[in-house]
Amino acid sequence: AAGSDATMHCRSIGTRAKGQNSNLLRMSSVLFGRDYSCSPEKSACNINPGSEFIISLRPTGKLRDRLADKIVLESGVHVLGRSGKTCIKNQACSRRQLELDVNAESGIVTVRRIGKNESSLNGISLPFDEIVHVERGSTLTFLLDKPSDTTFTVHIEEIRAPRQVQHQQHPFFLRIRHLHVQLYYLAIDADLRAYNVC
């Protein structure tokens, strides 16, 4: 009977240790904001993923004499052509020559020619009514045969969000948490050895 009592006592200690360990991990998750199952590599400080982009058209060639400032394009669809905004005056250029679809969150820009006369991207003629992806630094010409008066450079500038270091992710706090767990396991081990009558 004494042996069975000791066995039950040992089992109760083991069960209590598991329960206390689970409670400790839950409490630590509340205090530190993360679970111990996360590895230090995964808990490393990360850059806040809220980066955005500024997309703009900058005039080149003779167009710079008439248009000193860049044209900033916000997220959405922009229909551009002969207008005061672009300073393109050539009558061959339609007022609705190019359609640019801009996503400032991802930095993705596409262009579609909707005007009658030819336009080009990096010197290559744009097919009519077809969507073409625009890379950073590309040259966009509204009139293929008048490049000096109708060409823009596409600028895509990334604005990085500020680094936000969370306390629970800092290596110093990781060490404290790991030390806390190690000390707890040592205490449980000592407790089990003290009552090890099995």
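# Briefing on a predicted α/β model

From the N terminus on, the elements of the protein follow the order α-β-α-β-β-β-β-β-β-β-β-α-β-α. The model is predicted. It holds 4 helices and 10 strands, and 32% of the 198 residues of the protein count as buried. The points below take up the whole chain, the strand pairing, the nonpolar core, and a few individual residues.

**Overall measures**

- The protein exposes about 12,300 Å², and carbon and sulfur atoms supply 54% of that area.
- Where contacts join residues at least 6 apart in sequence, 50% of them link residues at least 24 apart.

**The open sheet of β3, β4, β5 and β8**

- Four strands form an open sheet in the order β3-β4-β5-β8, and their pairing is antiparallel.
- The edges of this sheet are β3 (76-80) and β8 (131-134); each has a single partner strand, so one side of each is left without a neighbour in the sheet.
- From one strand to the next, the twist averages 25°.
- Within the sheet, β4 (residues 98-103) and β5 (residues 108-113) are paired in the antiparallel sense over 6 bridges.
- Asparagine 103 has isoleucine 108, in β5, as its bridge partner.
- As a general point, strands of a sheet pair through backbone hydrogen bonds, in either a parallel or an antiparallel arrangement.

**Pairing around β1**

- Strand β1 is joined to β10 by 8 bridges, and the two strands run antiparallel.
- In this pairing, phenylalanine 53 stands opposite glutamate 158 of β10.
- Strand β1 also pairs with β2 in the antiparallel sense, here over 3 bridges.
- The residue opposite leucine 57 in β2 is isoleucine 71.

**The largest nonpolar core**

- The largest nonpolar core has 26 residues, of which Ile55, Leu57, Leu73, Leu100, Leu140 and Phe152 touch the most other members.
- Two or more residues of this core come from each of β1 (52-59), β2 (71-73), β4, β5 and β10 (151-159).
- Leucine 57, one of the core residues named above, is in contact with Lys70, Ile71, Leu73, Leu80, Leu100, Phe152, Thr153 and Val154, leaving aside its neighbours within four places in sequence.
- The contacts of leucine 57 thus include Leu73, Leu100 and Phe152, which are also among the core residues that touch the most other members.

**Arginine 113, a buried charged residue type in β5**

- Arginine 113 lies in strand β5 and counts as buried, at 8% relative accessibility.
- A polar atom of the arginine 113 side chain lies 2.9 Å from the backbone oxygen of leucine 126.
- A polar atom of the same side chain lies 3.0 Å from the backbone oxygen of lysine 116.
- Apart from neighbours within four places in sequence, arginine 113 is in contact with Gln97, Leu98, Glu118, Ser119, Leu126, Pro127, Phe128, Asp129 and Glu130.
- Arginine 113 and valine 132 are 19 residues apart in sequence, and their C-alpha atoms are 9.1 Å apart in space.

**Serine 138**

- Serine 138 is found in the loop between β8 and β9 (139-141).
- Serine 138 is buried, with a relative accessible area of 3%.
- Not counting residues up to four places away in sequence, serine 138 touches Leu121, Asn122, Phe152, Thr153 and Val154.
- Phe152, Thr153 and Val154 also appear among the contacts of leucine 57.

**Two residues with positive phi**

- In general, most residues other than glycine have a negative phi.
- Cysteine 87 is not a glycine, yet its phi is positive, at about 65°.
- Cysteine 87 is placed in the loop between β3 and β4 and is buried, with a relative accessible area of 15%.
- Aspartate 129, likewise a residue other than glycine, has a positive phi near 60°.
- Aspartate 129 is placed in the loop between β7 (124-125) and β8, and is partly exposed, with a relative accessible area of 42%.
- Aspartate 129 is also one of the residues in contact with arginine 113.

Notes
Residues numbered from 1 in each chain as written. Predicted model: local features only at pLDDT ≥ 70, side-chain atom pairs only at ≥ 80, totals over all residues. Heavy atoms only, no water. Pairing = 2+ DSSP bridges. Axes fitted to C-alpha atoms, helices over the stretch in contact; angles between N-to-C directions. Buried < 20%, exposed > 50% of the residue type's maximum accessible area, 1.4 Å probe, protein only. Contact = heavy atoms within 4.5 Å. Areas by Shrake-Rupley, 256 points an atom, 1.4 Å probe, with all protein chains shown as cover. Core = buried A, V, L, I, M, F, W, Y, C linked by side-chain atoms within 4.5 Å. Polar contact = N/O pair within 3.5 Å; in protein donor to acceptor, adjacent residues only side chain to side chain.
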